[in-house]
Amino acid sequence: LKYIGRILGRSLDDPDGIFPHKFIRETLEVYHNDDLTYEVVLGKMESIGFRTPTDGVKEQKIATVYKNNADSLEITYPETSKIFKKLAGYYEDMAKSDQLYSEIGAIV
């Protein structure tokens, strides 16, 4: 499941603009496997690539998008909603870390 989830986590967005593609959302609902869902989250996080810390504003905006996606898909795609909630938490943590880093950097 590890490799399948990681590959699915790097998939393209659906034409509706929401990650992951609708086919993957439906697959996650059929298998309803927490380990697979977790691996999709990790695959998405790994696909972010190189980044440099900023003031955290960009990451907070991304977290808000993921929260909104989680809310809008919670009924139809509860497994995908879990992915969005985890990604929102990840980006919120990054935003807090980046904000702290920028504040400390300003002091030094």
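## Buried or exposed, and what counts as a bridge

Guide: In this predicted model, Glu-79 is buried, with a relative accessible area of 0%.

Visitor: Why is Glu-79 called buried?

Guide: Buried means under 20% relative accessible area. Glu-79 has 0%, so Glu-79 is buried.

Visitor: What makes Glu-79 and Lys-82 a salt bridge?

Guide: The cut-off is a side-chain nitrogen of Lys or Arg within 4 Å of a carboxyl oxygen of Asp or Glu. Here the closest N and O atoms are 3.0 Å apart, so the pair counts as a salt bridge. Both residues sit in helix H5, three residues apart, which is about one turn of the helix.

Visitor: And why is Lys-82 called partly exposed?

Guide: Lys-82 has a relative accessible area of 30%. Partly exposed lies between the buried limit of 20% and the exposed limit of 50%, so Lys-82 fits that label.

Visitor: How do you know that Arg-6 forms a salt bridge with Glu-46?

Guide: Their closest N and O atoms are 2.6 Å apart, which is within 4 Å, so the pair qualifies. Arg-6 is in helix H1 and Glu-46 in helix H3, 40 residues apart.

Visitor: Why does Arg-6 count as buried, but Glu-46 as partly exposed?

Guide: Arg-6 has 19%, and that is under 20%, so Arg-6 is buried. Glu-46 has 41%, between 20% and 50%, so Glu-46 is partly exposed.

Visitor: What makes Tyr-66 buried?

Guide: Its relative accessible area is 10%, and that is under 20%, so the label fits. Tyr-66 is in helix H4.

Note on methods: Residues numbered from 1 in each chain as written. Predicted model: local features only at pLDDT ≥ 70, side-chain atom pairs only at ≥ 80, totals over all residues. Heavy atoms only, no water. Helix = DSSP H or I, 4+ residues; strand = E, 2+ residues; numbered from the N terminus. Buried < 20%, exposed > 50% of the residue type's maximum accessible area, 1.4 Å probe, protein only.
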